Amino acid sequence: MNYLKKLQGATFDHQGAFSEGKVQFRTRASVAVARGKFARNTIQGVEGNQGPYRLQGANGERFILILAGTEKVFIDGQLAQRGLDADYVIDYNRGDITFSNRRLITKDIRIIVEFEYNDQRYSRSLYAWSSNLESGRWKGHLHLYSEQDGRRAVGEDLLTPEQIEILRQAGDDPLKAVVPGIDTLGANPDPISYRLTDTLVNGVFYPDVLVFHPPTGSDPPLYIARFSDLGEGRGNYIRLNSNANGFVYAWVAPDPLQGPQGRYEPLIQLTPPEQLRLFSAGASYQLSKEGRIEWEGAASYRDRNRFSTLDKGDDWGIAGMSAYRDRYQLGKGWDARVDAQYEWTNPFFRPLNPYRSPEFSRDWNLSNTLTGMQHLGSAGFLIGHDSLGLQTSYQAGAFFQPELYEGWRHNGRIAWKRPTLDLEIRANYLESRGTEEETRFFRPNFMVEKRFPGLKDWGLGAYGEREQNRRQSTGADTLSGTSFYYDLFRVYVKSPESEKAQTTLTYIERSDFAPEGLDFSRSTRAREMKWEGAWQAGRSSRLGWDLHYRKLQISDTSLVAQEPAETYLGRVDYNLQLFKGAIRYQTNYQIGSGQEQKLFFIFRPVIDGAGIYQHIDFNGDGQEQVNEFVIAPNPDEGTHDRIIVYSNEFIRTNNVLFNQSLRLEPRAVWFGEKGGKKFLSRFSSSATWQITRNVRDLEGVSPWNPFQLDLTDTALVSTRTLLQNTLAFNQNSPIYDLQASWTDQQSKLILTTGLEGRRTIEQSLRGRWNLSKALSLQASAAQGKRFSERESFADQNYEIRFFKVEPKLNWLPSPAFRSVLGYRYEQSENLLGLKEQAVFHDFKLESSYNQSSKTSIRLNLSFVRVKFDGEANSAVGFAFLNGLQNGLNYLWGLGLDRQLAKNIRLSLSYEGRKTGLAKVVHAGRAQMAATF
């Protein structure tokens, strides 16, 4: 009994002996809270698409939180590694997986992901007990495992008595465990509401159709609705692109012949609590030093609905296994290993997690869900000679489901390993017969690698494989559409690992054939080139690269719907360090392709002061639109939190990442010098250039040029650029320093409401002068522009030019006390629209007192005079004022942090403000934090 779970609980472990020490035993018992639920996803790779690929829960849940570290990712049957420099990265919060530049994703690749995800509908507990005994050659074990959901729902989706009764009557049928998702609006603050109307389409009457209708105060009865995604063509509603603060659904009339034309319905799928128990007992007997026999029996109990007493006939299941393994010496260095295994399960047996290989269904050509009794047996041998480096093995297997399926597999392998030569040949053949089809699946492959000592151990290798799967419906004289056949050949040359410069050059060719009558015809042909390596030039320079190119050609368009494609994937890294670190240079360049998921923002109300955003009704219609939410300038004004929702819409993209940095530190080599070198050593400079560009695959758009940024909105999906240059003088001086900076930061992002772009260009100068130990003067000046561009909301576009000066006087009479007196003058002007202007005079006093690490007191006072000639209650006005008002603004605050105990901290804060003609606002907060 093996299982991997994220648990929180306690375990009891005891070891002992009896019968004068002849019998050893160990007992372990565990009680825990189980956080996760297991799921296995099969992902169909898309040609040249590195991701992200969305993962779903065991019951089709689309928005899940994956438990960190629980995933196993299999690519073509091989376990992949997580990491930026490995095979994939996974976003546990978003529930998606993206593959790195090391692994090219194509239409031919097989991906299986196993993971646990957070299921918060019910509290889940786990009990486990195991006992192991050992006496001489005998070993035995007994395991018990129970995992169950509580019968009381937790979280937001609490069950009503009516819903519990529906679950009682539903049994194990999920289609019966649904309730209507329509309710009266009442006092519910949900901004998405509907009215019920009767509709006549083509002479057909449809009653109670939901039509979006925001509340305005004088409406007929309104309703709110929760929709479930039933899949395309199974619902009568579609989701609209709207700027409303939430998802809006619209009804579409069903087609008289094809039925529903949407995918959503106003239904709530109820999830019942489940229980899973597993009991297993087994024993083994050691026949010889390496020979043993073993057997095990198991019983499972799975209750899919703990509320219901119906459909209990399939809750219990049983299974069994027996095996024999041994090793024999054949003389003169030869030895043989033999093994045989048989297992069976009845139709209702349910393991904790899938215990068979992820490729099991493919290996046995199983196209449907396994049902009925199952019998799986195998027997084989391996003969080898260590000094000759020779191994040969054979295994025969059979899998039966009485009256449903029977299959026979044969696996053979020959391997020969010499100091300069590796050779391996494998063959796998399957014949199967089911109630509806017969199959023959042949999979041979070979690998050979030769190393040449005369060429400093450079290696030349080749690999080839064929998979031919002939599937025919029973009694048919043609191959079925699920048949497939391909040939793959790979040849490579690689340098020895001991060299400073290491490289591998690989050529791959694959031809796919589609069924046509009783034979196959070529459908596609793919050629790939891959070049990877690294060059280490001493300690100062290192270059690494991994480049991949693939071209897919379509041989017969009548056999495949795939489009021809060219895919580029690669990464180049270069690091240079010269003159003891005086010059440090780094460059990283990556190209690839993937998909961007359209985002949708929903703002949900929270307790006043507990949110980050606030709503400002810019258009005065009394409704909430997503473009009317802004970050609250004051903590007490935060009334909403933002929820990021990922839509079902994806945009295919070509992706480029470019990072470059250069840092100059003359002090590293001229430290202690005199004259001109001493003066130059006081300078330092750093430059950063970052570009992340995701664009559509369109004519005239280069997939690998990161500097092609002047593109139309139809080509851009998302871009992020940062260009920053800083020149510093006397940076390490305790007396004074100067710093000049130039920054250009830009971003564009595709949302469901269109393209949204922001940009800030700023040039700044900053200086510091320590007048004495306790007194220092700081001053900064900056000028630049701020841009905002929103495709669907032109009234929120602006281009603000600004100039500001900010001197500060710092007083630090002791390490515990600090006070800062500052003034800011800022002048801003909008170059678009109404040409709004603003002038700010901001006088500020900040003081803090820290008594060791236990007590901290903070005080701030601010007086701001604002002269603004535009409309304050607008998006542009908010960009200028950021929560302030025209005229005089007073802001003050007081805070106290106190460490009450080693792991307990108390925080108290008070904030007040008087902005313009508004009333005085007082806000207080108290927070207690405990660390365990």
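The protein chain of this structure contains five helices and 52 strands. The model is a predicted one. Along its principal axes, the C-alpha trace spans about 95 × 85 × 75 Å. The chain has 932 residues, and 39% of them are buried. Among contacts with a separation of 6 or more, 61% involve residues that stand 24 or more positions apart.

**Surface and charge**

The accessible surface of the protein chain amounts to about 51,100 Å². Carbon and sulfur atoms account for 55% of that surface. The chain carries 113 positive and 108 negative charges, and the mean positions of these two groups are 9 Å apart.

**Salt bridges**

Side chains of opposite charge can pair when their charged atoms come close. In this structure, 57 salt bridges are present. Three of them are set out in the table below.

| Salt bridge | N to O distance |
|---|---|
| Arg451 and Glu449 | 3.0 Å |
| Asp573 and Arg571 | 2.9 Å |
| Arg766 and Asp737 | 3.1 Å |

How do these pairs stand with respect to the surface, buried or partly exposed? In the pair of Arg451 and Glu449, both residues are buried. In the pair formed by Asp573 and Arg571, Asp573 is partly exposed, with a relative accessible area of 23%. Its partner Arg571 is also partly exposed, at 22%. Both values can be placed against the cut-off, because a residue counts as buried under 20% relative accessible area and as exposed over 50%.

The side chains of Arg766 and Asp737 also meet in a salt bridge. Arg766 belongs to strand 44, which covers residues 754-770, whereas Asp737 belongs to strand 43, residues 736-751; the pair therefore ties together parts that are 29 residues apart in sequence. Arg766 is partly exposed, with a relative accessible area of 31%, while Asp737 has a relative accessibility of 6% and so counts as buried. Elsewhere, salt bridges that share partners join several residues into one network: Glu47, Lys107, Asp108, Arg510, Asp512, Glu528 and Arg550.

**A nonpolar patch**

Which residues make the nonpolar surface patch of about 750 Å²? The patch is made by Phe452, Leu455, Trp458, Leu460, Val493, Leu505, Met529, Trp531 and Leu547. Strand 31 (458-473) supplies at least two residues of the patch, and strand 34 (519-537) likewise supplies at least two. Trp531 is located in strand 34. The relative accessible area of Trp531 is 40%, so this residue is partly exposed.

**The surroundings of Thr506**

Thr506 lies in strand 33, which runs over residues 501-516. Is Thr506 buried or exposed? Thr506 is buried, because its relative accessible area is 8%, and the cut-off for a buried residue is under 20%. Residues up to four places away in sequence being left aside, Thr506 touches Arg490, Val491, Tyr492, Glu528, Met529 and Lys530. Two of these neighbours have appeared above: Met529 is one of the residues of the nonpolar patch, and Glu528 is one of the members of the salt-bridge network.

Conventions: Residues numbered from 1 in each chain as written. Predicted model: local features only at pLDDT ≥ 70, side-chain atom pairs only at ≥ 80, totals over all residues. Heavy atoms only, no water. Helix = DSSP H or I, 4+ residues; strand = E, 2+ residues; numbered from the N terminus. Buried < 20%, exposed > 50% of the residue type's maximum accessible area, 1.4 Å probe, protein only. Contact = heavy atoms within 4.5 Å. Areas by Shrake-Rupley, 256 points an atom, 1.4 Å probe, with all protein chains shown as cover. Lys, Arg positive; Asp, Glu negative; His and termini not counted. Charge placed at Lys NZ, Arg CZ, Asp CG, Glu CD. Salt bridge = Lys/Arg side-chain N within 4 Å of Asp/Glu carboxyl O. Patch = residues over 30% accessible without salt bridge, like charges linked within 9 Å, V, L, I, M, F, W, Y side chains within 5 Å.
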